[in-house]
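User: Hey, got a minute to walk me through this model? I'd like to start with what you mean by a polar contact.
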Amino acid sequence: MSVTYMTRQQREVLRCIEGCDEGIGAAELAELLHRQGSRVGLTTVYRQLERLEQQGLVHKIVTDEGARYQYCRSHHAGRDCFLLKCERCGRIEHLDCSHLGELYAHLLSEHHFVINPRRTLFYGLCETCSREDAT
């Protein structure tokens with residue numbers, strides 16, 4: 001979905017999310033916006049997050065602690081991306097890898113299951129945590 005018009009509130013929310021590499025919860029985001037002088041309320045934050053997610057600009061990541069939102073750096077390139085979550089440190093990384101498309105094609109052709117890459121989250125250990133295990 002292309003973004004043709006963005007409200008001031010959407011721009012403020014998106015700007016804050018872009019600066020939060022680890023993702024951010026809606027309440028944390030509303031608090032951060034208030035500290036920056038914005039008058040965007042929590043209900044508006046939720047509404048804008050929903051719109052930004054629909055536009056493909058942010059990922060909504062549902063965790064045991066609640067939903068977190070993370071800016072999607074692959075959106076502007078027009079590619080799907082996938083998310084990797086480290087089970088030890090909790091870090092979430094974007095992965096833009098065409099090889100996963102082969103897996104998705106296999107699941108479709110052999111198992112008749114269509115994957116939604118915008119909502120796909122793989123769990124494992126990040127490079128840093130796996131190095132710690134090796135030592």
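Analyst: Sure. A polar contact is a pair of N or O atoms within 3.5 Å, and within protein one must be able to donate a hydrogen and the other to accept it. Keep in mind that this is a predicted model.

User: Okay, so what does the side chain of Ser38 reach?
Analyst: The Ser38 side chain reaches the backbone nitrogen of Val40, at 3.3 Å. That is within the 3.5 Å cut-off, so the pair passes on distance.

User: Where does Ser38 lie, anyway?
Analyst: In the loop between helix H2 (26-35) and helix H3 (42-54).

User: And is Ser38 buried or exposed?
Analyst: Buried: the relative accessible area of Ser38 is 10%, and the cut-off for buried is under 20%.

User: Which residues does Ser38 touch further along the chain?
Analyst: Leaving out residues up to four places away in sequence, Ser38 touches Glu12 and Leu33.

User: Leu33 is in H2, right where I wanted to go next. Which residues of H2 are buried?
Analyst: Ala26, Leu29, Ala30, Leu32 and Leu33. Looking down the axis of H2, those buried residues fall within an arc of 160°, so they line one face of the helix.

User: Why would residues that are spaced like that point the same way?
Analyst: An α-helix has 3.6 residues a turn, so residues three or four places apart point the same way.

User: What covers the buried residues of H2?
Analyst: The cover includes helix H1 (8-18), H3 and strand S2 (66-71).

User: Anything odd in the backbone just after H2? What does Gly37 do there?
Analyst: Gly37 takes a positive phi of about 95°.

User: Switching to strands. How do S1 and S2 pair?
Analyst: Strand S1 (residues 58-63) pairs with S2 in the antiparallel sense, over 6 bridges. A hairpin of 2 residues joins S1 to S2. Within the pairing, Val62 stands opposite Ala67 in S2.

User: What about the open sheet, which strands form it and in what order?
Analyst: There are 3 strands in the order S4-S3-S5, with mixed pairing. Strand S4 (92-95) and strand S5 (121-124) are the edge strands, each pairing on one side only. Ignoring direction, neighbouring strands of this sheet are turned by 30° against each other on average.

User: In what sense do S3 and S4 pair, then?
Analyst: Antiparallel, over 4 bridges. Lys85 stands opposite Ile92 in S4.

User: Now aromatics. How many aromatic pairs does a search of the whole structure find?
Analyst: It finds 1 aromatic pair. The partners are Phe82 and Tyr104, with ring centres 5.3 Å apart and planes at 75°, so the pair is edge-to-face. The cut-off for that label is planes over 60 degrees apart.

User: Which parts does that pair tie together?
Analyst: Phe82 sits in strand S3 (residues 82-86) and Tyr104 in helix H4 (residues 99-111), so the pair ties together parts that are 22 residues apart in sequence.

User: Are those two buried or exposed?
Analyst: Phe82 counts as buried at 5% relative accessibility, and Tyr104 also counts as buried, at 12%.

User: Last one: where does Ser74 lie, and is Ser74 buried or exposed?
Analyst: Ser74 lies in the loop between S2 and S3. Ser74 is buried, with a relative accessible area of 7%.

User: How far apart are the C-alpha atoms of Ser74 and Lys60?
Analyst: They are separated by 15 Å, and the two residues are 14 residues apart along the chain.

Methods. Residues numbered from 1 in each chain as written. Predicted model: local features only at pLDDT ≥ 70, side-chain atom pairs only at ≥ 80, totals over all residues. Heavy atoms only, no water. Phe/Tyr/Trp six-rings, centres within 6.5 Å; stacked < 30°, edge-to-face > 60°. Buried < 20%, exposed > 50% of the residue type's maximum accessible area, 1.4 Å probe, protein only. Contact = heavy atoms within 4.5 Å. Arc of directions from axis to C-beta. Pairing = 2+ DSSP bridges. Axes fitted to C-alpha atoms, helices over the stretch in contact; angles between N-to-C directions.
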